[in-house]
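Open the model in your viewer and keep the sequence panel beside it. The stops below go from the whole chain inwards.

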Amino acid sequence: MATASALEGIRVLDTSIGPAAGAATAVLADFGAEVVKIEPPRGDRFRGLVASPLWLRGKRSAVVDLSTEGGREQLRERLDGFDVIVTSGPPSRSRRFGIDADALETVAPRLVHCSLTGWGARGPYAEVPGYEALVAAKSGRFAAFARQRHGDAPGFSILPVASHVAAMGAVQGIVAALLERERTGRGARVETSLLQGMLPFDLVELLLVQLISSGKLAAIDYTFGEMPTLNYHPVRTRDGRWIQCGNLLEHLFLAFLDATGLLEEMIVEERFQASVASWDSETVEVARDKILLRLQEKTAAEWMEAFRENGNVAAEIYTTVEEAVSHRDLVSNDEIVTVADADRGAVRTIGAIAILSQTPARVGAEVPIVGEYTDGFLAESPTTREMPAPSDDRAVSPALPLSGLRVVDLSTIIAGPLATTMLADLGADVIKVEGVTGDPYRFLLPQGVMAVKTNAGKRSIALDAKSEAGAKVLRDLIAGADVVLHNFRLGVDERLGIGYEACRDLNPRVVWIAVRGYGPAGPDATRPATHPVVGAAMSGAGRQGAAALTQPCESLEEVREVSRQLMRANEANPDPNTSSTAAAATLIALFARERTGLGQRVDVSMLVANAWANADEFVDYEGRPAPRQLDEEVLGVAPGYRLYRTSDGWICLAVTTDAEWERLADLLEDEALRDESQRAADGIAARFSEQNTAHWVETLGAASLGCVDATIPASGAFWANDSHARGNHFTVETEHTRFGKTLRWGSIVHVNGPAAHYGPGPIGGDSTDEILRELGRSEEEIQTLRTAGVVTSLEV
């Protein structure tokens with residue numbers, strides 16, 4: 001029988017503005033926390049955003065003017081009645097309002113203080129306006145979209161992925177700090193930022209920059225050429241719609257060929273009889289043309305019916321936002337909710353981030369009116385609740401709130417492994433269990449470089465879990481685990497003996513996490529899914545590739561070119577989006593276990609996680625404005641929010657308020673900019689082309705306008721060389737078994753500061769013997785297992 005929601009009884013003061021921190025506190029509210037949103041007299045200025053109901057729902061609103069001493073005193077007097085306070089904006093905003101961690105630490109020592117800034121709590125960028133586009137441009141993310149269109153321009157990224165990861169990082173840090181407080185009675189400082197939110201999207205570049213520059217690795221094109229791989233190919237159908245394929249593994253690709261009728265035709269040709277991975281470039285191009293021509297013989301709906309009937313084809317149609325909100329998997333898993341908004345009426349949007357079997361979410365049904373709880377908040381009398389007395393003899397390091405927790409990671413590739421790396425960064429002992437041939441992701445690039453980030457901070461055991469002796473080792477690991485996480489398709493886990501019921505029988509307190517493409521119920525539950533398929537299904541890829549979707553396709557060459565552009569638009573962000581969500585859901589379930597003693601099943605869907613990553617648009621209601629669109633050049637979404645060429649490079653501009661436009665008009669001596677109807681990108685572009693990048697960054701910065709250098713070639717160069725990132729411990733030094741001293745990616749959230757040490761990515765099976773000893777195996781038994789091929793250690 002289900003109990004109360006996981007965070008019931010937790011009270012949160014949300015002093016933030018805008019969608020990033022707003023999404024974090026919405027997740028807390030969804031799982032039972034009472035969230036009081038503190039707003040200025042006119043309300044949060046971002047309430048006017050089209051999707052604000054998603055991150056305002058389920059909260060109370062109290063107007064407290066923190067710009068006045070009286071308002072600040074009203075807040076301070078009531079801090080003892082709350083467990084968490086969340087702040088946002090540059091560090092100076094929190095200091096000005098008296099709600100920074102330093103100011104509140106002595107006043108409320110048991111309070112968990114979370115700050116979500118644009119750039120971090122300190123350093124040269126700390127006070128730069130924290131708009132998503134500026135952070136993306138400065139950190140090199142726009143370079144990932146440079147080849148979406150031909151030319152030398154960076155490409156504007158429309159999805160607010162940094163905001164999503166920072167929000168999930170805030171949830172991770174807050175709940176981890178609450179977990180530790182249950183044991184120690186102490187509050188904590190939780191810090192995350194949009195810049196940290198960018199870290200998961202650099203999957204390998206930071207490492208490659210270092211290895212190539214040191215001569216340890218030859219230069220390689222890890223983007224795998226201009227055209228999509230055959231496995232990950234967008235295809236046009238007879239009715240002009242596009243389908244994204246995501247058949248990463250060979251058996252899935254062969255299933256795709258079978259479902260299209262091409263397998264039977266191609267298998268008779270000698271050139272296609274070898275393994276797909278061994279096809280030469282000429283064979284690949286012949287196959288590509290066959291696929292593109294065949295898919296234009298039926299409509300998108302007809303092909304999707306064939307793919308679903310096959311059951312082993314990963315594919316989804318490129319959708320609009322409105323279509324995504326009605327995706328049949330979300331609907332069949334009750335993951336679309338309706339909330340009431342006084343201005344918009346009934347709003348359909350995404351539900352909770354995960355399905356928890358014992359302590360489920362209960363999403364709030366209304367968006368609060370500004371100030372509706374003001375009287376109630378002011379009537380609250382300060383109270384001090386019973387808490388555990390702080391202990392000076394703590395087993396848990398302040399910087400590592402998950403120390404002492406063990407996670408058994410059975411997942412592969414990106415979404416699952418990166419989630420458990422986030423838990424390792426918070427102190428968990430993560431044991432990666434991989435087959436005797438290793439996680440397939442290890443072999444995507446030379447020397448296993450792709451798996452370094454996704455497995456950082458873990459120990460690895462390489463194990464044949466299908467053998468009787470290997471299955472016994474795995475059962476022993478599960479019996480001692482706090483968390484078991486996997487990403488097997490529905491039903492595969494049970495066939496392998498690691499379904500929830502089997503794990504619960506071994507360990508009733510285990511938190512069991514399934515990270516899958518689709519939800520656990522409905523017609524798509526058993527289908528495979530990979531990141532580009534999810535990007536298409538949840539509208540993100542279509543939003544990024546909107547210009548490509550409108551191009552004519554009257555010839556095969558035009559179809560090839562649009563497919564190229566769409567795949568460049570549909571990069572790997574759905575995996576890290578899912579990782580951060582899965583880690584947050586895991587921590588919520590662990591907190592519930594701390595309170596109730598109950599382990600439980602947690603289902604995390606890539607579709608749901610990426611609906612949240614589209615939180616700036618993922619709503620539908622009568623009269624909804626059209627979603628924002630990228631311009632045809634992929635440079636931005638509005639004259640004040642886009643990339644501009646300078647005399648020697650590129651800048652990104654973020655001007656969003658009337659006051660900012662007034663300052664820009666003064667600076668550029670352009671009266672037209674004062675009138676919204678007359679603002680045009682062409683005129684602004686002409687002015688910016690007259691001076692170099694450094695001039696505009698300095699000049700606009702001096703006027704407190706958002707502007708950064710967007711010329712940086714790629715994210716790896718930024719993370720490897722930027723002093724601000726190093727100074728905030730967003731990149732940290734570690735010692736890798738093969739590569740020696742390298743910089744690795746830091747944590748997306750710090751709890752009581754960064755950890756003293758962040759571990760490297762393991763070589764496959766490098767801790768096999770150590771883990772077996774911990775399970776009580778003797779040296780003789782370990783050697784027997786090795787001789788029998790039950791366990792091993794890998795070369796990468």
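Begin with the whole protein chain: with 796 residues, a compact globule would have a radius of gyration near 28 Å, and the chain has 26 Å, which agrees; the radius is taken over C-alpha atoms, and the globule rule is 2.2 Å times the number of residues to the power 0.38. This is a predicted model, in which local features need pLDDT of at least 70 and side-chain atom pairs count only at pLDDT 80 or more, while totals for chains, interfaces and linings use all residues. Residues are numbered from 1 along each chain as its sequence is written, and side-chain values use heavy atoms, with hydrogens and water left out.

Next, colour by secondary structure, which shows 34 helices and 27 strands (DSSP runs, H or I of at least four residues for helices and E of at least two for strands, numbered from the N terminus).

Now select the largest nonpolar core, which has 144 residues (buried Ala, Val, Leu, Ile, Met, Phe, Trp, Tyr and Cys joined through side-chain atoms within 4.5 Å, where buried means under 20% relative accessible area with a 1.4 Å probe, protein chains only). Helix α7, residues 161-184, gives the most to this core, with 14 residues.

Which residues have the most contacts inside this core? They are Ile353, Trp612 and Phe618, a contact being heavy atoms within 4.5 Å. Centre on Ile353 and, leaving out residues up to four places away in sequence, find the residues that Ile353 touches, among them Val27, Phe31, Met168, Ile588 and Trp612.

Finally, select Trp242, Phe307, Ala541 and Cys553, which are among the 36 residues of another core, lying apart from the largest one.

Technical notes: Buried means under 20% relative accessible area, exposed over 50%, partly exposed in between (1.4 Å probe, protein chains only).
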